[in-house]
Each structure stands twice: as structure tokens, then as C-alpha cells.
Amino acid sequence: MTTKIGIIGLGLIGGSLLKKLRENKDYELFAVSGNEKTRKALQKWGITAGEDIKTIKPCKVVFVCSPISKTVEVLDKLEGVVSASTIVSDVASVKEFVGKKKRPYKLIGGHPMAGTEKQGFENSFKELFEGAKWVITPFCNYEKKDIDLLKKIIETTGAKPIEADAKEHDYAAALISHMPMIISQVLFKSAKDNKLAMKLASSGFRDMTRLACSNVQMAGDMVKYNKKNIEKAFDSFISSLNSLDGCYKEEIEELKKLREKMYSKEGKNIIK
Ligand code: NAP
């Protein structure tokens, strides 16, 4: 028997998820998109796609892939649509706020640790999650078999599911994702008015400022929804900067060794 899976919001993450899952004959897909062009493309692939959230009513598992700031609104709407046995999982980059309210369905938060600076269905691609970690933060009404089913679906995308506490996730995400994005933006801001610097900038500056091109809606939401943890991450950044005094060479040598062991040749994080 096939598992019916619904995806709400067919942007970069929702679109990539759908493009990968549609290859698997064990899954029957249902999609909710506000974009007519996307719906037509999905219908051509034989996927049930509608504008109304009720389109996903028959699903056993529903992924909410909307912007962070719309996630709670979608979770509220689902209360009148899905049954108590439905597993709902979001993909928002901040987790604690998602689980604040108890829901009449099974809520298991999620965050795929993969993305690009692009957005929208047209930029989504099925290989996006290959080799990435996918955090899951169980919130309410779930049983072990629900977590197992969600993990199985996540593994189908090529990602590795990792269970974590939502609060701990949010600080970790601030350290490795949200703070780096802000540093990238501020770095670009600091140099942008120096004409010579802008003319000379090469690959180092390009790599360090890539995140300044992040999805603007998502960047704004991250800063708003994870502000406290981002501030705490910057406290750690400043104290790390201050502690470099006096032993710069020794310490950067140690840091270099650790950083070199962190990613595979293909650029995937290999820390278990
Ligand atoms: P995106 O490409 O901009 O896609 C967001 C999609 O959400 C839109 O295309 C739209 O889909 C849908 N949407 C917009 N307003 C909505 C509303 N009011 N209700 C329901 N759906 C709505 O952004 P994304 O990068 O896929 O991000 C989506 C989520 O993934 C965010 O929560 C983000 O934090 C998380 N995430 C992003 C990344 C990343 O690097 N991009 C990585 C991990 C997690 P339709 O056009 O189909 O309606």
C-alpha cells in the first residue's frame, strides 16, 4: 500500500522534497500551492495539486514548507483539516516556536540542513538533501512508529535524520547558520563603499559573502524568530575573538586542523 504524503508550499524546500519523493512508487503525493504555474506543472506529473489546504486531507504525513513566519498560520489551519492520526512536520529553520501550542494531530518538527540562496519551485532540485543532516524535533501526540515513518521518508531524500531538542537546535542553528549569514551581510556592508576593495575582491571575499545573497524573507524571519539565540551566538563570537589575543598562530593552527577534518572532498559535513 502506498503512503499518502502532502506538501504545503512548493518553494525551494517543498519543491525539492516533492521532486525527490515523486521518484518513489511507495508514495502518493498531494500538494498545496498558491502558484498556478506550479500547480499545473505538478498536475502534468499526475500529482494531485490544489490551492485549498483541504487537498492534503487524505494524507498520512504532511510537510509544511511555508516561510517561517507563515508556519504557525498553516499549522492552525491544519487543525480543521487533518485527523488525530496524521503526522505533520514542518521544515522551518527555527524550531522552538513551532511546538509552543499543543495540536490535535501528531506534530514532529523538522529542519533539513540543506539549502541554497535561491528560492521558489523553479530553483528546486531533487538532489538538494543528498548527504545532508535533517533535524527532527518531536513535539506532541507522536509514537515511536510515527518517528520511524518520518525518518524513513527523510532517508528517501538522501538525508540523515537526527533527533534533537528544539531549544538546543535553535542555539546550534544560530551558531552555524544564522550568525554566519549576518556576518556575511555585515562583511559585505563594511566593504561595499570602498571602490578599490570592490574592484580587487576575489574568491575569498566571494565565498565569505555568499550568504549575503540569502532569501530576504527567510533571512528576516530567522533574525526575528531566533533573535535571543543569535545574540548569544554573537557573545560567543566576541569572546572567541578576544581569546585569540597572544596565541593567534597556535590557535589558528589548531582550528585549521579541526576545520580540515569537518567536510568530505564533496563538501559534506562528515561529523557523526
Ligand atoms: P521559498 O523558496 O521562498 O518557498 C516558500 C514557499 O512557501 C513559497 O514558494 C510558497 O509556495 C509558500 N508560501 C508562501 N506564503 C505562504 C503562506 N502564507 N502559506 C503557505 N505557504 C506559503 O523558501 P524556502 O527556502 O523553500 O523556505 C521554506 C521553509 O524552509 C522556511 O521555513 C525555511 O526556514 C525552511 N528552510 C529553508 C532553507 C533554505 O536554505 N532555503 C533550508 C532549510 C529550511 P507556493 O508558491 O507553492 O504557494
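**View 1. Residues nearest the ligand in this predicted model.** The shell around the ligand holds 26 residues, and L12, S33, G34, S93 and G120 come nearest; a residue counts as near if one of its heavy atoms lies within 4 Å of the molecule. By class, the shell has 12 nonpolar, 13 polar and one charged residues. Here Ala, Val, Leu, Ile, Met, Phe, Trp, Tyr, Cys and Pro count as nonpolar, Asp, Glu, Lys and Arg as charged, and the others, Gly among them, as polar. Residues are numbered from 1 along each chain as its sequence is written, and side-chain values use heavy atoms, with hydrogens and water left out. Local features need pLDDT of at least 70 and side-chain atom pairs count only at pLDDT 80 or more, while totals for chains, interfaces and linings use all residues.

**View 2. Backbone contacts to oxygen atoms of the ligand.** A polar backbone atom of G34 is 2.7 Å from an oxygen atom of the ligand. For G120, a backbone N or O atom also lies 2.7 Å from a ligand oxygen, and for I68 the distance is 3.4 Å. A polar contact here is a pair of N or O atoms within 3.5 Å. On its own the ligand has 890 Å² of accessible area (Shrake-Rupley method, 1.4 Å probe), of which the protein covers 82%.

**View 3. Elements around the ligand.** Two or more shell residues each come from α1 (12–21), α3 (68–78) and β6 (106–112). The largest share, three residues, is that of α3. Helices (H or I, at least four residues) and strands (E, at least two) are DSSP runs, numbered from the N terminus.

**View 4. The open sheet of eight strands.** The strand order is β3-β2-β1-β4-β5-β6-β7-β8, with mixed pairing; two strands pair if DSSP finds at least two bridges between them. At the edges stand β3 (48–50) and β8 (160–163), each with a single partner strand, so one side of each has no neighbour in the sheet.

**View 5. Strands β4 and β5.** Strand β4 (residues 61–64) pairs with β5 (residues 87–90) in the parallel sense over four bridges. V62 has V88 as its bridge partner in β5.

Note on methods:
A polar contact is a pair of N or O atoms within 3.5 Å; within protein, one must be able to donate a hydrogen and the other to accept it, and residues adjacent in sequence count only if both atoms are side-chain atoms.
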